[in-house]
Each structure stands twice: as structure tokens, then as C-alpha cells.
Amino acid sequence: MHNDLGNLCPQCATAAYRDPIDALAGLGRWSMVRGAPHLCLSAVAMRLLGVEGADDELPWIERVVAEDRPALDAALLEIVARGAAVSCEFRLAEREQGVRWLRLQSVAAEQRMVATGMLTDITTSKRAALRERFNFALTQYLIGTDTLDEAVYKIIHLVCEELGWEWGAFWALERHGAAEVLRCRHVWHAPDRDYTPFRSAATALVVERGQGPVGQAWHSGQSLWVDAGGAHSDVARVQAARQCGLQSGFFFPVTYVAGDGRLHSAGVLEFFSDEPRQREAQLPGLAESISALIAQTGQRMAQQERVRVLAQTDEMTGLFNRAHFHALLDAACAQGGQFGLMYIDLDQFKPINDGFGHAAGNLVLCEFADRLRQLAPAGARVARLGGDEFALMAPPGWDQQALDALAAAVLEAARGRFNYLGHDLSVSASIGVSMFPLHGADTAQLLHAADAAMYLSKRNGRNLVSYFCRESDTQQRVVAAQLLMLSALQDALQRNEFFLEYQPIRDLQSDRIVGLEALIRWRKADGSIVPPDQFIPVAEQSRLIVFIGRWVIEQVCRDLPRLQAAGMPDIQVHVNMAAPEFLDDDLPRELMAIVSAAGIAPSRICLELTEGVIMRRLDKTLPIMRELVRLGFEISLDDFGMGYSSLSLLKTLPISSLKIDRVFVQGVPHDRNDGAIVRTIIDLALHMQLRVIAEGVESAAQLAFLRQFDCTQVQGYLPGRPLVLAGLLAALA
């Protein structure tokens with residue numbers, strides 16, 4: 001609704017009322033005769049309305065922003081018609097001062113003909129409130145943003161929507177050959193107008209530093225204004241802006257401090273308006289806030305990226321780590337297709353660590369990782385799985401011929417010398433290859449197949465490439481079973497699942513039981529019995545056999561008093577000893593401590609060991625044997641004839657008896673060769689004044705043969721089967 005109340009009183013226009021207090025407070029007084037077509041203004045009010053004098057060609061009310069005009073007209077009519085007390089806020093656009101916010105207030109004058117009121121400038125508070133609302137909205141927009149591009153696009157949209165700009169764009173930093181340039185990446189504009197010419201001009205442009213307003217803002221790091229009506233170097237864009245009705249543009253750089261502490265430039269933001277907005281625009285005042293929030297977002301994303309990289313990367317080599325490589329394999333399996341997986345293990349790496357230290361080992365790992373990285377074709381994934389183990393996932397679709405060539409290159413890379421402090425270090429690689437989906441339908445199966453194939457390369461001499469096959473899988477399963485067995489053995493010791501059986505050793509002359517062989521047995525928690533030939537070899541591959549051996553000795557010492565009390569005062573118990581036990585210098589001291597604590601004479605214990613145990617480290621075992629004999633223990637040479645059978649060695653060993661292996665006993669009396677061997681051993685032992693014990697006696701014919709040739713003692717199912725202590729005591733009773 002239009003009215004004439006914007007006219008000024010002629011007297012006010014020439015001699016406005018001036019009050020120093022009003023000027024100090026910034027308060028503009030106004031009055032009007034209700035029904036008269038003009039206002040009377042004080043000097044401050046005239047200044048606030050931008051009225052220069054009576055000759056001002058445009059009434060002040062015509063400079064009110066069109067959106068606010070209806071509310072102001074309604075307020076003035078309320079004052080004229082009813083003398084109402086009103087408060088109205090409106091924006092006034094001026095060529096020099098830009099847009100300012102004013103508040104018009106009136107005093108109630110229902111009974112008076114003259115209405116009065118105040119006029120105040122509220123631009124500062126309005127802009128502060130707008131800035132606060134904008135920053136809050138901007139912060140909300142940026143929460144959860146995953147990429148800087150997404151954050152910048154949200155900012156463009158928010159600025160245009162909240163601050164009334166018709167066009168916004170982000171010019172992002174890109175690499176163009178060796179140089180850096182800017183390209184228009186994101187655009188948002190008001191939907192009610194066709195900006196095709198302007199968009200086309202933007203998307204076709206590649207901006208270098210200092211080129212046009214975008215390049216100038218990028219190069220200088222400062223914001224700048226552009227008047228579409230003026231002359232500019234970027235003629236095509238300026239003309240396109242004028243075609244779309246755009247008049248003014250504002251440009252400012254987007255910079256932030258990244259995690260490396262350096263200032264990074266992400267690009268330039270530009271905004272265009274269809275009005276001349278240099279003075280009234282809120283954007284210049286908010287540009288600093290926008291840059292600060294983008295900086296925070298950039299820092300947050302840089303930190304997130306660093307965390308992501310650390311979570312996915314092996315710290316030493318920079319390759320993918322095990323966890324992330326498994327995730328990549330999961331994704332590749334889910335995607336389908338065909339690809340190959342290489343499992344790579346460095347040969348002879350441990351000697352480098354042992355001989356030159358971990359620094360040398362780390363150098364080898366890092367240099368080999370670099371060689372793998374350089375060899376990896378596009379689309380391949382390389383990882384360090386841990387220690388000296390690496391993996392390479394070939395690009396999808398590669399056939400075996402391509403995999404062969406790549407594997408050969410990996411072998412060659414491993415064989416290349418590694419220089420550490422002037423020393424040339426040499427390793428090789430054992431590689432196992434599995435194929436998806438031929439050798440596995442998921443990550444676990446593929447890795448198992450590749451690992452099994454790698455193990456086959458190790459078994460066949462190392463420095464080889466092997467593809468997964470049934471043989472490699474079988475060997476891998478054997479190794480896995482042994483590892484599981486070893487773990488179960490450790491639990492068995494803690495849970496006291498072992499027990500002993502005793503097999504009698506009879507003297508052939510008196511037919512009395514003169515000795516017992518302690519045989520270890522394992523009853524699992526489910527009641528099943530694990531045969532000794534399954535768990536003893538596994539235990540012997542680790543130090544676990546030493547702890548098991550000590551447990552046997554301790555249990556024998558606990559059982560011996562009961563056996564002696566049952567009528568066997570001179571009984572001697574034979575205990576088998578493994579090679580690792582006889583390589584321990586502390587063995588004599590530890591065994592003496594065990595028997596002394598139990599009150600058992602050392603002579604009641606006979607330690608059995610094979611020729612192989614003795615010969616493996618004769619320089620180590622012979623002094624230990626002599627010390628044990630000196631302390632009172634007896635030693636028996638077990639399985640005689642199955643090992644080295646060195647007669648020159650036999651005369652130097654501090655032993656008290658020989659045990660003939662059951663292999664020879666089984667053949668007598670019918671096998672002439674077995675009979676000759678048994679007779680020879682018996683004769684040899686008797687002449688060396690050693691007891692001779694024949695194992696595995698199961699028939700009367702065998703017993704008669706042994707008795708005929710003066711065998712001292714026998715052991716086997718015929719003389720007596722193995723029994724637990726309770727069963728043995730019952731039999732003796």
C-alpha cells in the first residue's frame with residue numbers, strides 16, 4: 001500500500017532541530033500531524049534516513065528495501081489512523097552507506113493530533129545477531145561432514161540462502177601438469193533464473209595465479225569486490241554475469257592450517273548478487289568466520305585422515321597392515337571376479353637380526369617393502385602382515401602367466417643385496433600363491449591356501465614360488481595340528497591331565513620284578529587318551545618336554561615310597577629322557593634337588609636315553625652323564641642298535657645297562673639275522689659287565705631264546721603289561 005508519509009516538512013528540510021544529547025545517543029526524533037502528508041525530523045533523524053536536503057530527488061521511503069516496505073507502510077498508517085504505539089524495523093538502501101537497519105517507534109497519541117516517536121539505527125545489533133545465527137547454522141552444517149568439498153558446498157548453499165546471494169561457486173585447487181590451477185568444482189544458484197551462460201563460462205575456465213578476480217584472490221590471499229559493469233581482464237565471465245543480471249561479486253580465498261602445520265590453500269569462494277552490494281553485504285564481515293570454520297573442518301579432516309592412515313598402515317614400512325589388508329581382501333571377495341594372492345616370507349632373515357641387530361633387520365624390511373611397492377602394478381595391494389611376512393593382492397583378472405612374471409620379479413627383488421653400514425646382506429623369498437575363487441571363497445581360506453603354498457616353497461628349498469595344491473594343504477594342516485597340540489599340552493600340564501603307568505622289568509634268573517619303566521600318559525578332560533607317539537614328538541620340538549620330564553621325575557619320587565612299602569624295597573624306576581633335557585647344564589642339580597626333597601636315593605632312578613640323544617651333542621651330554629653317575633643316578637642306553645652303535649663310543653659312556661630294541665626281539669627265534677644281532681648285543685653287554693634288557697617280549701619262544709643266551713632282564717607284555725600305580729599295587733598284593 002502506497003502513501004505520501006515519506007514526504008518531509010519543508011521547514012524540517014531547511015532547519016532541522018539539533019540536540020547534542022540526541023546526536024550523542026544516536027536518537028532521531030520525529031513528529032507528524034495526523035492527517036498531514038509529511039514528517040518533521042530532527043537532524044539526527046534526517047541523517048539516519050539519509051536525507052541531505054530539500055532538493056533530494058528521491059524520497060527516503062523509496063529507498064526502503066522492497067521486502068520491508070509493506071510492514072513500514074502499515075505501521076505509518078496505524079500511527080495516522082489511530083495514533084497507535086508501534087515499533088517497526090526496516091532496511092534502508094543507500095548508494096554510499098549501503099543497507100542499514102532502522103527501528104521506527106511511536107508514542108501512543110490516540111487523543112492527540114500530533115504523533116511523536118524515535119528513530120534508531122539497529123544495524124550493528126542486527127548484523128551481530130545475523131553473524132551469530134549464520135555461524136551456528138554453519139557449524140551445524142559442517143558437523144558430520146566427511147570431505148572438504150562437501151563442507152565447502154554446504155557453505156555455498158548456506159551463504160546464498162541466508163545472506164541473499166543469487167550465485168555461489170567454489171574454485172578448487174587442482175594439478176595441471178606440473179602447475180597448480182583452479183577449476184570451478186561446485187556451483188549453487190537461485191532456481192528462479194537461468195544462469196546457463198555464466199555457468200558455462202565458469203566450467204570452461206582454468207584459472208592460473210593472478211588471472212582474473214579468482215586468480216587474484218588466490219594469489220594475494222585477500223578478498224576483493226568486482227563490479228560487473230566495470231572493465232576486467234576476465235571479459236567473458238563479466239559479460240556472462242551481466243547477461244544473467246548479476247551486478248556485483250565478492251571473492252575470498254579458502255585457506256586452513258593442516259596437520260603438518262603449514263598453511264594450505266583449498267581454493268577460492270565466489271558469490272554474485274543482482275544488486276550492488278559492496279557496502280551492505282554481510283559476507284565480507286562473515287568471511288573471516290567462514291575461513292575459521294573451514295580451517296577447523298580442514299584440521300579435523302586432516303586429523304581424521306591421519307588416524308585413518310595410521311589405522312591402515314604398517315608403521316615401519318608404510319605398506320598396508322594386516323587388519324586393513326584383510327578388509328581389502330574381504331571387499332575383493334565380495335566384489336567377485338578372479339584375482340591372485342601372494343604370501344611372501346623372507347628366507348634367512350632371522351640370522352640378520354641375530355648377527356647384526358634389529359636395526360639391520362628393519363633396514364631389510366623397509367627396503368624390501370619399497371621394492372615391492374615399486375613392483376606392484378596399478379590396482380595391486382601390498383601389505384606387511386607382520387615380522388618378515390608380506391602379501392600382495394594382484395589386480396583383478398590377472399591370469400597365471402602374469403602372476404608368474406610378477407612372482408619372479410618379487411623373487412629377484414628379494415635376492416638383491418641390502419647394504420647395512422657397508423655390509424652386503426643377502427636374503428631370498430619363499431612365495432605361495434592362491435587364486436580366488438579357485439582356492440578359497442573368503443579371506444580366511446585364501447590366506448590359508450597361500451600360506452600353505454608358501455610353506456611348500458620353504459620345504460622344497462626356499463627361494464621358490466609354489467601354487468596352492470593338495471600336498472601343500474596337507475603339510476599346512478600337519479603344522480597347524482602340531483601347534484594346536486602344543487597349546488593343548490601346555491594346558492594339560494596346568495590341569496594335571498598327565499598320569500603314569502609302570503611296566504615291570506623282570507630278572508630272568510630270579511623271575512622277580514627288579515625294575516619298572518615309567519610311561520607317561522595323557523588323559524584329556526573329555527576322558528580320551530592321547531597316545532604318547534602323538535604328543536611326545538611335538539613336546540620335544542619345544543622346551544615343553546623339559547617341564548614334562550621334570551613332572552615325571554617328581555611323580556616317580558612320590559610313587560616310589562608306596563612301591564617300597566608294598567614289598568619292593570630295592571625297586572628301580574627307569575625314566576626316559578629327551579635330548580633337550582640332556583643339553584641343560586642344570587639337569588644334575590635339579591634332579592638331585594627333586595630326589596633329595598622326596599627322600600629318595602638317586603640309585604633308585606635309572607635315566608634312559610638313546611644313542612641319538614648322546615651323539616647329537618656329545619661334548620655337551622657326556623659331562624652331564626658323568627655328573628649324574630657321580631651323584632648316584634644310573635643311566636641306561638635305550639634302543640641300542642637303532643642309532644649310531646659306535647663301539648668306540650660305547651666303552652667311554654658311563655652306563656649301567658643296554659636295552660635291546662623291540663625291532664630285533666620281534667624276529668627271534670625265527671629270523672636268523674635278528675637272532676644274531678640279539679646274541680651279539682647280549683654277549684657284548686655281558687663282557688662289558690652291563691645289564692642287558694630286552695624290550696617287547698610278547699611270546700614264550702622269545703623268552704626261551706633270551707634265557708638261552710643269558711639275557712639279564714626282559715620287558716614286554718609277557719613279563720607284565722603297563723599298569724597305573726593302583727593296579728600295580730593290587731597285582732603285587
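Trp 165, Trp 225, Phe 250, Phe 252 and Phe 271 form one aromatic cluster. The model in which this cluster appears is a predicted one. Across the structure there are 17 aromatic pairs. In one of them, Phe 250 and Phe 252 have ring centres 5.7 Å apart and planes at 40°, so the pair is classed as tilted. The angle falls in the class between stacked, which is under 30 degrees, and edge-to-face, which is over 60. Phe 250 has a relative accessibility of 2% and therefore counts as buried. Phe 252 is also buried, with a relative accessible area of 2%.

Phe 251 takes part in another aromatic pair, with Phe 272. This pair is edge-to-face, with 5.7 Å from centre to centre and 90° between the planes. Phe 251 belongs to strand β11 (residues 248-257) and Phe 272 to strand β12 (residues 263-273), so the pair ties together parts that are 21 residues apart in sequence. Both Phe 251 and Phe 272 are buried.

Aromatic rings also meet charged side chains. The charged end of Lys 126 sits over the ring of Trp 101, at 4.6 Å from the ring centre. Elsewhere in the sequence, Arg 523 lies over the face of Phe 499, and here the distance to the ring centre is 4.4 Å.

The next topic is the largest pocket. It holds about 1000 Å³ of space. Its lining comprises 39 residues, and those nearest the centre of the pocket are Glu 517, Ile 536, Glu 540, Asn 576 and Asp 638. Several elements give two or more residues to this lining. The strands that do so are β20 (498-507), β21 (513-523), β24 (605-610) and β25 (634-640). The helices are α17 (532-540), α18 (544-565) and α20 (611-616). By residue type, the lining of the largest pocket divides into 18 nonpolar, 8 polar and 13 charged residues.

At the level of the whole chain, the secondary structure of the protein comes to 26 helices and 29 strands. The radius of gyration of the protein is 49 Å, whereas the globule rule gives 27 Å for 733 residues; the value is well over the rule, so the protein is more spread out than a compact globule. Along the principal axes, the C-alpha atoms fill a box of roughly 155 × 60 × 45 Å. Of the 733 residues in the protein, 48% are buried.

Two pairs of residues relate distance along the chain to distance in space. Val 724 is found in strand β29 (residues 723-724). With a relative accessibility of 33%, Val 724 counts as partly exposed, because that class lies between the buried limit of 20% and the exposed limit of 50%. Val 724 and Ala 172 are 552 residues apart in sequence, and their C-alpha atoms are 84 Å apart in space.

The other pair starts from Asn 135, which is found in helix α5 (residues 123-142). Asn 135 is partly exposed, at a relative accessible area of 21%. Its partner is Leu 293, 158 residues away along the chain, and the C-alpha atoms of Asn 135 and Leu 293 are separated by 8.5 Å.

Key. Residues are numbered from 1 along each chain as its sequence is written. This is a predicted model: local features need pLDDT of at least 70, side-chain atom pairs count only at pLDDT 80 or more; totals for chains, interfaces and linings use all residues. Side-chain values use heavy atoms; hydrogens and water are left out. Rings of Phe, Tyr and Trp (its six-membered ring) pair if their centres lie within 6.5 Å; planes under 30 degrees apart count as stacked, over 60 as edge-to-face and the rest as tilted. Buried means under 20% relative accessible area, exposed over 50%, partly exposed in between (1.4 Å probe, protein chains only). Helices (H or I, at least four residues) and strands (E, at least two) are DSSP runs, numbered from the N terminus. A charge sits over a ring if NZ of Lys or CZ of Arg is within 6 Å of the ring centre and within 35 degrees of the ring normal. On a 1 Å grid over the protein atoms alone, a cavity is a set of points where a 1.4 Å probe fits but cannot get out, and a pocket is an open set with protein on both sides within 12 Å along at least five of seven lines; lining residues have an atom within 4 Å of a point. Grid points are joined across faces, edges and corners, and a volume is the space filled by probe spheres set on the points. Ala, Val, Leu, Ile, Met, Phe, Trp, Tyr, Cys and Pro count as nonpolar, Asp, Glu, Lys and Arg as charged, and the others, Gly among them, as polar. The radius of gyration is taken over C-alpha atoms; the globule rule is 2.2 Å times the number of residues to the power 0.38.
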